[in-house]
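These are my notebook entries on a two-chain model. I set down what I looked up, entry by entry.

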Amino acid sequence: MMRGTLADLRPVYVAGIGLHPYRRLSETPYVRLGLTAVRSALADAGLAWTDVDSAWTGTAGLGMAASRRMLRHLGATGIPMTQVENASASGSSAFRQACLEVAAGLADVSLALGVDKPSRVRAAPTGVAGLADRLVVPATHFALLADEYMDRHGVTAEQVAAVAVKNHRNGSRNPFAQRRKERTLQEVMDEPAVSGTLTRLQCCPIGEGAAAALVVSGEAVERLGLDPARCVGVTASAQRSERLYGTADPDTELTRETAGEAFRQAGITAADLDVVEVHDAFSIEELLYAEAIGLCGAGEAAGLLARGAFDVGGRCAVSPSGGLLAMGHPIGPTGVGQIAEITRQLRGEAGDRQQPGARTGLAHMLGVGAVCVIHVLQRLD
Amino acid sequence: MSTPCAEPALYGTGPGGEPVLYGLRCAACDRVSFPRQPYGCEACGSADGLPCELAATGTVRAAAEVHRHHDPRVPVPFTIVSVLLDDGPLIRGVHAGTARAGDRVRARLEPGGAVPDLLELRFATPASPAGPGGGA
Ligand SMILES: [Zn+2]
């Protein structure tokens with residue numbers, strides 16, 4: 001286990017965020033996507049590239065050496081640059097590395113960037129396969145979890161699909177989202193079934209995009225004259241990998257453990273959360289993880305969702321960006337994009353998807369394997 | 001070209017001709033796992049695994065009818081089940097018909113896959129119809 005936490009080190013803040021819209025695969029090189037996000041984040045923070053001390057790039061599908069071949073076009077300053085691959089959590093782990101480096105005092109300003117284009121990514125071959133591994137694609141894995149959840153808690157397929165309705169509504173208000181069209185429950189249910197009760201709009205789109213976050217120390221805020229009111233504190237960074245949980249769903253149990261560690265670091269509870277972004281690659285996941293994080297008890301998420309508790313304006317806005325389901329899941333950018341959304345929400349700059357009075361947010365990603373990364377961000381004024 | 005479904009190295013037949021799954025029992029902590037692998041025990045890290053055979057019977061935990069699959073060699077729809085084996089592990093496999101949580105299932109070995117003479121392991125509930133070529 002880890003012997004120290006972010007809370008043991010000096011405070012760190014997100015000072016700037018920037019995105020390239022998530023969208024279907026285009027001819028645009030990844031370099032253009034990434035630079036768009038970084039330049040936007042620098043402008044947002046009021047920082048120059050020469051102020052940046054290090055760079056971490058989350059990417060799973062670009063191939064080797066993605067960082068410097070892109071970032072040199074901002075000026076070849078010679079700073080350390082590293083790619084981070086942690087499956088779907090690649091961007092979240094890149095952000096964690098930036099936070100740890102600044103918190104440790106090794107850097108004053110660190111760039112966390114996620115950039116990817118769809119490609120034939122494959123997991124490292126272990127030589128061990130189950131009976132049906134070649135048949136059980138992610139949609140089927142989660143269709144089985146949906147079936148189990150509905151059976152155990154007396155929840156209907158429509159109640160699960162309602163996650164997609166909420167997240168498409170949020171995504172329709174997010175100019176960076178890949179899916180920006182509101183959908184009715186009827187529309188979601190009428191889409192072709194992919195696996196079990198999961199229809200196409202209950203499965204996330206995998207496209208291209210980029211997301212950037214600039215992590216700074218308190219010293220950098222003063223030295224570089226940044227606006228403290230637009231700096232959001234990072235008060236927890238937790239990362240764990242799967243243990244054995246008997247016959248319980250491993251992603252859910254891993255999320256529960258990792259969230260517990262994040263709450264201890266930040267000194268908060270789930271009841272303090274105003275905005276949450278979860279790994280909702282499939283609709284059922286949002287219900288499972290809302291419960292695992294502790295927003296409600298087991299089997300309660302579907303009912304609370306139906307009553308609007310997880311809407312923007314509800315008790316805790318879940319996936320206000322549209323989540324993976326509507327904003328999209330370009331892999332490398334996804335975790336950093338969550339940080340951008342939480343930062344926007346805590347600054348009060350989220351426009352017509354703003355959660356009123358948001359002060360505390362949580363970003364949650366899982367990577368196949370499985371790993372889980374959770375960050376807590378807070379307004380500290 | 002092998003069939004995209006069968007994993008014939010993972011199962012065989014027991015002394016009475018019944019299908020069995022090739023599992024592993026950890027010599028250090030007794031954990032029973034499936035599939036067999038040569039690397040070490042997830043519970044305790046011991047590299048001493050003893051081959052064992054698991055009864056291919058259990059209870060359906062969840063089921064999903066798959067309507068779309070990226071591999072064109074795999075005909076859709078087909079049914080995937082999570083099965084809690086009577087011998088312990090929770091595994092996933094193909095069901096020959098339709099299934100729902102709580103169903104008792106038993107595996108059978110059936111021809112009819114993409115490779116002639118290769119028997120595929122499919123779970124079936126006692127009432128579900130035999131697949132192409134009949135049950136084992
Ligand atoms: Zn063991």
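**Entry 1. Confidence.** I began with chain B of this predicted model. Its mean pLDDT is 88, and 86% of the residues of chain B reach 70 or more. I then looked for the weak part and noted residues 131–136 of chain B, where the pLDDT is below 50. Beyond near neighbours in sequence, that stretch still has eleven contacts in the model. For chain A I read an average pLDDT of 97, with 100% of the residues scoring at least 70. Where in chain A is confidence lowest, and where is it highest? I found the lowest mean, 95, in strand β5 (residues 193–195) of chain A, and the highest, 99, in strand β7 (residues 208–217) of chain A. For the complex as a whole, I recorded an ipTM of 0.93 and a pTM of 0.96 from the predictor.

**Entry 2. Chain B as a fold.** I counted zero helices and nine strands in chain B. Read from the N terminus, its elements run β-β-β-β-β-β-β-β-β. Of the 136 residues in chain B, 46% are buried. I also looked up how far apart in sequence its contacts reach: among those between residues at least 6 apart, 44% join residues at least 24 apart. The accessible surface of chain B comes to about 6,800 Å², and carbon and sulfur atoms account for 54% of that area.

**Entry 3. Chain A as a fold.** The secondary structure of chain A comes to twelve helices and twelve strands. I checked the radius of gyration next: at 19 Å it is close to the 21 Å that the globule rule gives for 381 residues, so chain A is as compact as a globular protein of that length. The C-alpha trace of chain A spans about 55 × 40 × 40 Å along its principal axes. Buried residues make up 61% of the 381 residues in chain A. Of the contacts in chain A with a separation of 6 or more, 77% are between residues 24 or more positions apart. Chain A exposes about 14,100 Å², with 51% supplied by carbon and sulfur atoms. I tallied 36 positive and 41 negative side chains in chain A, and the centres of these two sets lie 6 Å apart.

**Entry 4. Cis peptide bonds.** Which peptide bond in chain B did I note as cis? It is the bond from Val76(B) to Pro77(B), with omega near -5°. I placed Pro77(B) in the loop between β5 (57–66) and β6 (78–85) of chain B. In chain A, I noted that the peptide bond from Gly369(A) to Ala370(A) is cis, with omega near 10°. Ala370(A) belongs to the loop between β11 (360–367) and β12 (371–378) of chain A.

**Entry 5. Positive phi at two alanines.** Ala65(A) is not a glycine, yet its phi is positive, at about 65°. I located Ala65(A) in the loop between β2 (54–58) and α2 (66–71) of chain A. Ala87(A) also has a positive phi, near 55°, and sits in the loop between β3 (81–84) and α3 (90–103) of chain A. Are these alanines buried or exposed? Ala65(A) has a relative accessible area of 39%, so I entered this residue as partly exposed. Ala87(A) stands at 16% relative accessibility and therefore counts as buried, the limit being under 20%.

**Entry 6. Ala193(A).** I returned to strand β5 of chain A, where Ala193(A) is placed. Ala193(A) is partly exposed, with a relative accessible area of 26%. Which residues does Ala193(A) touch, leaving out those up to four places away in sequence? I listed Leu198(A) and Thr199(A) from chain A, and His67(B) and Arg68(B) from chain B. I also took the C-alpha to C-alpha distance from Ala193(A) to Ala129(A), 64 residues apart in sequence, and it is 26 Å.

**Entry 7. Asp71(B).** My last look-up was Asp71(B), in the loop between β5 and β6 of chain B. Its relative accessibility is 13%, so Asp71(B) counts as buried. Asp71(B) and Gly45(B) are 26 residues apart along the chain, and 36 Å separates their C-alpha atoms.

Notes. Residues numbered from 1 in each chain as written. Chains lettered and ligands numbered in written order. Predicted model: local features only at pLDDT ≥ 70, side-chain atom pairs only at ≥ 80, totals over all residues. Heavy atoms only, no water. pLDDT = per-residue confidence, 0-100. Helix = DSSP H or I, 4+ residues; strand = E, 2+ residues; numbered from the N terminus. Rg over C-alpha atoms; globule rule 2.2 N^0.38 Å. Buried < 20%, exposed > 50% of the residue type's maximum accessible area, 1.4 Å probe, protein only. Contact = heavy atoms within 4.5 Å. Areas by Shrake-Rupley, 256 points an atom, 1.4 Å probe, with all protein chains shown as cover. Lys, Arg positive; Asp, Glu negative; His and termini not counted. Charge placed at Lys NZ, Arg CZ, Asp CG, Glu CD.
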